[in-house]
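Student: I should like to learn how to read the features of a structure one by one. Could we work through an example together?

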Amino acid sequence: MMKKLIAGNWKMNGSLAANDALVRALLGGLGTAACDVAVAVPAPYLAQVQALATGTPLQLAAQDVSQHESGAYTGEWSAAMLREFGVRYTLVGHSERRQYHGESDAVVAAKAQRALAAGITPIVCVGETLAQREAGDTESVVRRQLAAVIHVNGHCISEVVVAYEPVWAIGTGRTATPEQAQQVHDVLRAQLAAASPHAAKIRLLYGGSMNAGNAAQLLEQPDIDGGLVGGASLKAADFLQIIAAAQ
Ligand code: PEP
């Protein structure tokens, strides 16, 4: 069976003191986790969390990466820079980046490509808005978003992680039902299978108000291989319960 991945997304939250307490509490409760566990921390804190987590099962993730290799791109950081801080994963195409920073499918695909070239696993986020779901466009939206990434990264697509995050479920407390999530994961798996003989080993995460109460049911779906967890990853006890549900 595939090892699940539970990734926390701290978004733009934290401080040196709060991060220290959170990571120490996580490490205290993690033990030898049977799933992979990562936290996507704000860029200024990568070095801090790297120092705390090195040699532990807690893996480091970034929340974004530049589509460019290096140069005059003020405010951005490259995949090679992330690599220097021991970053294993980076989110690309989170809906907040698509919505507030105008990231197109092509930009997201280029970011995934940069990450892969640096040996970092991109966690490619896809998901529909509420209006798109209500218009019956969920499948076509997520397929279009994933197709762009497959198009650019076809030869190494089996190295990515895909996170299905319905936009209407992110930070809203409104979660997709396990059946709704599984249905979309099934679509994504089929799309990946058409592109790669290794699609069965690509981890598909669900994200969107996952919490200690709903994680187990979501994670027992056949095509849900882990979770991308926002709000609940900021509380060690909640995040540890989600990790426990994935074992
Ligand atoms: C996220 O930010 O990716 C996310 C899923 O957030 P939340 O769990 O808070 O909905």
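**Reading the features in turn**

Tutor: Let us begin with a single residue: setting aside neighbours within four places in sequence, Q221 is in contact with P178 and Q182. Please keep in mind throughout that this is a predicted model.

Student: Where is Q221 found, and is Q221 buried or exposed?

Tutor: Q221 is found in the loop between helix 9 (215–219) and strand 8. Its relative accessibility is 16%, so Q221 counts as buried, the limit being under 20%.

Student: How does Q67 compare when read in the manner just shown? Which residues is Q67 in contact with, leaving aside its neighbours within four places in sequence?

Tutor: Q67 is in contact with E76, V107, A110, K111 and R114. The place of Q67 is in the loop between strand 3 (58–62) and helix 3 (79–84), and at 28% relative accessibility Q67 counts as partly exposed. One may also look at a separation in space: the C-alpha atoms of Q67 and L27 are separated by 32 Å, the two residues being 40 residues apart along the chain.

Student: Let us turn to the sheet. What is the general idea of strand pairing?

Tutor: Strands of a sheet pair through backbone hydrogen bonds, in either a parallel or an antiparallel sense. In this structure, 8 strands close into a barrel in the order 1-2-3-4-5-6-7-8, and the pairing is parallel. Ignoring direction, neighbouring strands of this sheet are turned by 25 degrees against each other on average.

Student: How many bridges join strand 1 and strand 8, and how many join strand 7 and strand 8?

Tutor: Strand 1 and strand 8 pair in the parallel sense over 4 bridges, and L5 has G226 in strand 8 as its bridge partner. Strand 7 and strand 8 pair in the parallel sense over 2 bridges; here the bridge partner of Y206 is G227 in strand 8.

Student: Which residues of strand 8 point one way, and which the other way?

Tutor: G226 and L228 point one way from strand 8, whereas G227 and V229 point the other way. All of these residues are buried.

Student: Could you give one further pairing and then describe the helices that lie on the sheet?

Tutor: Strand 5 (residues 121–126) and strand 6 (residues 161–164) pair in the parallel sense over 4 bridges, and C125 stands opposite A163 in strand 6. As for helices, helix 2 (residues 46–53) lies across strand 2, strand 3 and strand 4 (87–92), and runs at about 165 degrees to strand 3. Helix 10 (residues 236–245) also packs on the sheet, where it touches strand 1 (5–9), strand 2 and strand 8 (226–229). The direction of helix 10 makes about 160 degrees with that of strand 1.

Student: How is the packing of one helix against another to be read?

Tutor: One reads the angle, the distance between axes, the handedness and the residues that meet. Helix 7 (residues 138–153) and helix 8 (residues 178–195) pack at an angle of about 35 degrees, their axes being 10 Å apart. The crossing of helix 7 past helix 8 is right-handed.

Student: Which residues of helix 7 meet helix 8, and how many of the contact residues are nonpolar, polar and charged?

Tutor: From helix 7, T138, E139, V142, R143, L146, A147 and I150 meet V184, V187, L188, Q191, L192 and A195 in helix 8. By class, this contact of helix 7 with helix 8 has 9 nonpolar, 2 polar and 2 charged residues.

Student: What is the general idea behind a salt bridge, and how many does a search of the whole structure find?

Tutor: Side chains of opposite charge can pair when their charged atoms come close. A search of the whole structure finds 14 salt bridges. One of them joins D36 and R203, whose closest N and O atoms are 2.9 Å apart. The pair links distant parts of the chain, 167 residues apart: D36 is in strand 2 (residues 36–40), and R203 is in the loop between helix 8 and strand 7 (204–207). D36 is buried, with a relative accessible area of 15%, and R203 counts as buried at 13% relative accessibility.

Student: Which residues are linked in a network of salt bridges?

Tutor: D64, R97, E103 and K111 are linked in such a network. Within it, R97 forms a salt bridge with E103, the closest N and O atoms being 3.0 Å apart, and E103 forms a salt bridge with K111 at 2.6 Å between the closest N and O atoms. R97 is partly exposed, with a relative accessible area of 25%, whereas E103 is buried at 9% and K111 is buried at 5%.

How values were computed
Residues numbered from 1 in each chain as written. Predicted model: local features only at pLDDT ≥ 70, side-chain atom pairs only at ≥ 80, totals over all residues. Heavy atoms only, no water. Axes fitted to C-alpha atoms, helices over the stretch in contact; angles between N-to-C directions. Left-handed = near helix turned anticlockwise from the far one by under 90°. Contact = heavy atoms within 4.5 Å. Nonpolar A, V, L, I, M, F, W, Y, C, P; charged D, E, K, R; others polar. Salt bridge = Lys/Arg side-chain N within 4 Å of Asp/Glu carboxyl O. Buried < 20%, exposed > 50% of the residue type's maximum accessible area, 1.4 Å probe, protein only. Pairing = 2+ DSSP bridges.
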